[in-house]
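Work through these exercises with the sequence and the 3D view side by side. Try each task before reading its solution.

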Amino acid sequence: MAVRFLLEIGAEEIPDWMIPPALDRLHNLFNALLADNKLGGEVASVDATPRRLVLRAERLPLKQADTEEVVTGPPVTAGERASAGFARKLGVAVEDLARVETPKGEYFSCRRLAPGRKTAEILAELLGPLILKIHWPKTMYWTGKDGPRFIRPIRWLVALLGDEVIPFELAGVTAGNTSRGHRRLGAAEVPVTVANYEAALENNFVIVSADRRRRKIEEGIAALLEDTGLLLQRDEALLGTLTYLTEYPAPILGRFDESFLTLPEEVLTTVMRHHQRYFSVLKPDGTLAP
């Protein structure tokens, strides 16, 4: 049976420009975890808001496949006591041992079945170290100088393999099935499942998908400027910044006193862009509108 997996790392607000590289690293780290532990499956998506990194994976088995392995023991020349000890160690009878030719001579060997581990056990063991391997330009500690370091303090963790909670612990936080909504508009505790995760958060004013937040900003601006004769001055870099500065963006059309238009346009647009995160709006003739 294959199931879906959800991981959410909830933290204090992460700088917007650090998020996309961190998601790439999280994606690669989890794919490597799956490959190294022969779990199959694959990462389906990674996403983020300022307060959370989210990873979803698909087709994970509930346990590793059983494997058959050949264990080589002592050389045949070592005698009966050595072969008996080797058989006892493996829990088999001496007569069940085979003899194999090697470049060093004839050795006792035994073929045995190695049962696969449960996926939940593997994830519980490895998810904490995996999270701490996410690279950041700088990190901070908040549980003490000898505690784990991350870009911002970790406040909650969600880890679900199908319907099962993966109860690992990191920095004093134990993973569960409870997320958090928007800091101002949503609930402080939002129970989630793999199936309802995005819907439950959107009901609490968090749009998990960065692509959807980007579209919401663009569509909201277009609606505001409709029938005004005003034009948006496109700024893809600012749009990308705002996408990762917000969890539930809602554009508004503001206004400043026209007397400020006596200042050079570059001064106004630079302040709006870099200090206030505003888009500039143009009149039909291409000049800056207030």
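**Exercise 1. How many bridges join strand β1 to strand β3, and which way do the two strands run?**

Some ground rules come before the solution. This is a predicted model, where local features need pLDDT of at least 70, side-chain atom pairs count only at pLDDT 80 or more, and totals for chains, interfaces and linings use all residues. Residues are numbered from 1 along each chain as its sequence is written, and side-chain values use heavy atoms, with hydrogens and water left out.

Step 1. Find the strands: β1 spans residues 2-11 and β3 spans residues 52-61. Strands are DSSP runs of E, at least two residues; helices are runs of H or I, at least four residues; both are numbered from the N terminus.

Step 2. Count: eight bridges join β1 to β3, and the two run antiparallel. Two strands pair if DSSP finds at least two bridges between them.

Step 3. Check positions. A2 faces P61 of β3, and V3 faces L60 of β3.

**Exercise 2. Place β3 in its sheet: what is the strand order, and which strands are at the edges?**

Step 1. The open sheet has five strands, ordered β2-β3-β1-β9-β10, with antiparallel pairing.

Step 2. The edges are β2 (42-49) and β10 (164-165), each paired on one side only.

Step 3. Look at β2 and β3. Seven bridges join them, and a hairpin of two residues links one to the other. E42 has E58 of β3 as its bridge partner.

Step 4. Now look for cover. Helix α1 (residues 19-36) lies across β1, β2 and β3, at about 155 degrees to β2. Angles run from 0 to 180 degrees between N-to-C directions, and axes are lines fitted to C-alpha atoms, for helices over the stretch in contact. In β3, eight of its 10 residues are buried (buried means under 20% relative accessible area, with a 1.4 Å probe and protein chains only).

**Exercise 3. Describe the sheet that holds β4: what is the order of its strands?**

Step 1. Three strands form an open sheet in the order β4-β6-β5, with antiparallel pairing.

Step 2. β4 (67-75) and β5 (98-102) each have a single partner strand, so one side of each lacks a neighbour in the sheet. On average, neighbouring strands here are turned by 45 degrees against each other, direction ignored.

Step 3. Seven bridges join β4 to β6 (residues 105-114). One bridge pair is V71 with C110 of β6.

Step 4. Helix α2 (residues 80-90) lies across β4 and β6, at about 155 degrees to β4.

**Exercise 4. At what angle do helices α5 and α6 cross, and within what distance do their axes come?**

Step 1. Two packed helices are described by the angle between their axes and the distance between the axes.

Step 2. The axes of α5 (residues 210-225) and α6 (residues 236-243) come within 9 Å and cross at roughly 120 degrees. That makes α5 oblique to α6 (under 35 degrees is roughly parallel, over 145 roughly antiparallel, 65 to 115 roughly perpendicular, the rest oblique).

Step 3. List the contact residues: A210, R213, R214, I217 and E218 from α5, with E236, L239, G240, L242 and T243 from α6. Contact means heavy atoms within 4.5 Å.

Step 4. Check burial. Six of the eight residues of α6 are buried, among them L238 and T241. Their cover includes α5 and α7 (265-274).

**Exercise 5. Is A175 buried or exposed?**

Step 1. A175 is in the loop between β12 (173-174) and β13 (178-179).

Step 2. A175 counts as buried because its relative accessibility is 6%.

Key: Buried means under 20% relative accessible area, exposed over 50%, partly exposed in between (1.4 Å probe, protein chains only).
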